[in-house]
Amino acid sequence: MLEVIGTDASGLAALAPRALELVRRARLVVAPARLLGPLEPWWHAEQAAGRIAQEQPCPALLASDRPDQIVGPLEQALASGEPAVLLASGDPLWFGIGRLLLQRFPAAQLRFHPAPSSLQLAFARIGRPWQDASWISLHGRDPEPLAAALQKRPAALAVLTDPSRGGAEEVRRILAASGLEAAYAVWLCERLGHPEERVQRLAPQAALPAAVDPLHLVLLIAEPPAPPADPAALPLFGLDDGLFLQHDDRPGLMTKREVRIQLLADLELPERGVLWDIGAGVGSVGLEALRLRPGLAGWLLEARGGSAALIAANAERLGVRPAGIHEGRAPDALSALPDPDRVLLGGGGRERAAVLAAVLQRLRPGGVVVIPLATVEALAELRPLLEQAGCRVAVGQHQAWRGAPLADGTRLAPLNPVLVLKGRLSQAAQSAPGCPP
């Protein structure tokens, strides 16, 4: 039986009595080189304390930093019946050497003794429950999955860094490229479990501490972004995604910056008039429209309960005043709104055809409706309604990529493509079939 014992960065000092007894009886100990150094002095100290017989020689020591070189000696030890121990970091079956061992040895010959994983220790150090946490490993991997994970705005994300590819600094660059620096606290956790462990929150834009230990991971913890000190100093439009407050249970469900810019252009916002933002979500598009055109009367409608307060908070952060923010479901809730000149139809779900029909009944002559869509089926469903109403129709697809660090260069990480359906009523739409009288 090969005893595979997990430990934290403090090595032998962290082992439980049963695990220490297994090491005392071992004739072969395999471990990372950083853990092997203290083993021989520990062995002699144990003999001096009478916990190991004086005549028992120190076991053979073998570094596991080159896993391909340990299989043969382990096979020999198992074949001869010599007690063998392999020390590993944390839980050997979680991004550890356990997977390799199971590929080379029968499971019946392996007995695992996990220690707390680096994730458990990291969340314990900052005192945060982690049942809602996600994790991702960058060891030997491109950073694109991290950029994709951030677009979902996880409540907590643990990143197992690869020091050879930039480590914590690579994580911070990807966070900045995603426009989410304001939405996450960044924690650097080094040598977890070691007496000299270090856990610290990194201030945005601050340089990394000197001599970051290779044994480190990064925690990204979502938090409400601080309100802008001066909303007037923000860009006129195209704000970073991380500036918007989110629903706690639906993080990331907002129109991304690149798509917002396209939608604002397609709306051809007039200086004055009425704008409807249906399915407003967190209010990102409608509120940016009001920054561009303060003279517009913006009416934002969202079916989700509690959304009005969130949208109002985002409006205050951006320094704009919507004409109205309503919680309700279209098309019924549209009856309370004045006739629109511009409509962004971002919601509706299965009722979107009925919602669009109601919009077309109310849209003023010369008005524009813009509909972002995720599927071609939705496009096929809605386009005929615009054409039957006499609208001039345009269809486009918007695909954006964001740069993510890749070694010494940059890789482009794709965002989800979005179809954009646009319809414009003519000034003579009053007499067109299917349009309002």
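The following exercises, each with a worked solution, concern the predicted model shown above.

Residues are numbered from 1 along each chain as its sequence is written, and side-chain values use heavy atoms, with hydrogens and water left out. In this predicted model, local features need pLDDT of at least 70 and side-chain atom pairs count only at pLDDT 80 or more, while totals for chains, interfaces and linings use all residues.

**Exercise 1. Overall form**

Task: Determine what radius of gyration the protein chain has, and set the value against that of a compact globule of 437 residues.

Solution. Step 1: The radius is taken over C-alpha atoms, and the globule rule is 2.2 Å times the number of residues to the power 0.38. Step 2: For 437 residues the rule gives a value near 22 Å, whereas the protein chain has 30 Å. Step 3: Along the principal axes, the C-alpha atoms fill a box of roughly 105 × 45 × 40 Å. Step 4: The secondary structure comprises 13 helices and 19 strands; these are DSSP runs numbered from the N terminus, helices being H or I of at least four residues and strands E of at least two.

**Exercise 2. Burial, contacts and charge**

Task: State what share of the 437 residues is buried, and describe the contacts, surface and charges of the protein chain.

Solution. Step 1: Buried means under 20% relative accessible area, exposed over 50%, and partly exposed in between (1.4 Å probe, protein chains only). By this criterion, buried residues make up 48% of the chain. Step 2: A contact means heavy atoms within 4.5 Å. Of the contacts with a separation of 6 or more, 69% join residues 24 or more positions apart. Step 3: The exposed area is about 20,300 Å², with 53% supplied by carbon and sulfur atoms; areas come from the Shrake-Rupley method with a 1.4 Å probe, and for residues only the protein chains shown count as cover. Step 4: Lys and Arg count as positive and Asp and Glu as negative, while His and the chain ends are not counted. Each charge is placed at NZ of Lys, CZ of Arg, CG of Asp or CD of Glu. The 43 positive and 45 negative charges have mean positions 3 Å apart.

**Exercise 3. Aromatic pairs**

Task: Report how many aromatic pairs a search of the whole structure finds, and characterise the pairs W42–W43 and W94–F95.

Solution. Step 1: Rings of Phe, Tyr and Trp (its six-membered ring) pair if their centres lie within 6.5 Å; planes under 30 degrees apart count as stacked, over 60 as edge-to-face and the rest as tilted. Step 2: The search finds five pairs. Step 3: W42 and W43 are edge-to-face, at 6.4 Å centre to centre with 65° between the planes. W42 is buried at 15% relative accessibility, and W43 is buried at 0%. Step 4: W94 and F95 are likewise edge-to-face, with 5.1 Å between centres and 90° between planes. W94 is partly exposed at 24%, as is F95 at 45%. Step 5: W94, F95 and W135 form one aromatic cluster.

**Exercise 4. Two arginines in helices**

Task: Decide whether R24 is buried or exposed, decide the same for R172, and list what each residue touches beyond four places in sequence.

Solution. Step 1: R24 is in helix α1 (residues 17-25) and is buried, with a relative accessible area of 13%. Its contacts are P17, W42, W43, E46, R51, I52 and Q56. Step 2: R172 lies in helix α8 and is buried, with a relative accessible area of 13%. The residues touched by R172 are V186, L202, A203, A206, A207 and L208. Step 3: R172 and L202 are 30 residues apart along the chain, and their C-alpha atoms are separated by 9.7 Å.

**Exercise 5. Backbone exceptions**

Task: Identify where F95 and E268 lie and what phi each takes, then describe the peptide bond from A330 to P331.

Solution. Step 1: Most residues other than glycine have a negative phi, and most peptide bonds are trans. Step 2: F95, in the loop between β4 (84-89) and α5 (98-104), has a positive phi of about 55°. Step 3: E268 follows α9, in the loop leading to β11 (273-278); its phi is positive, about 45°, and E268 is partly exposed at 35%. Step 4: The bond from A330 to P331 is cis, with omega near 10°, and P331 lies in the loop between β13 (324-327) and β14 (342-345).
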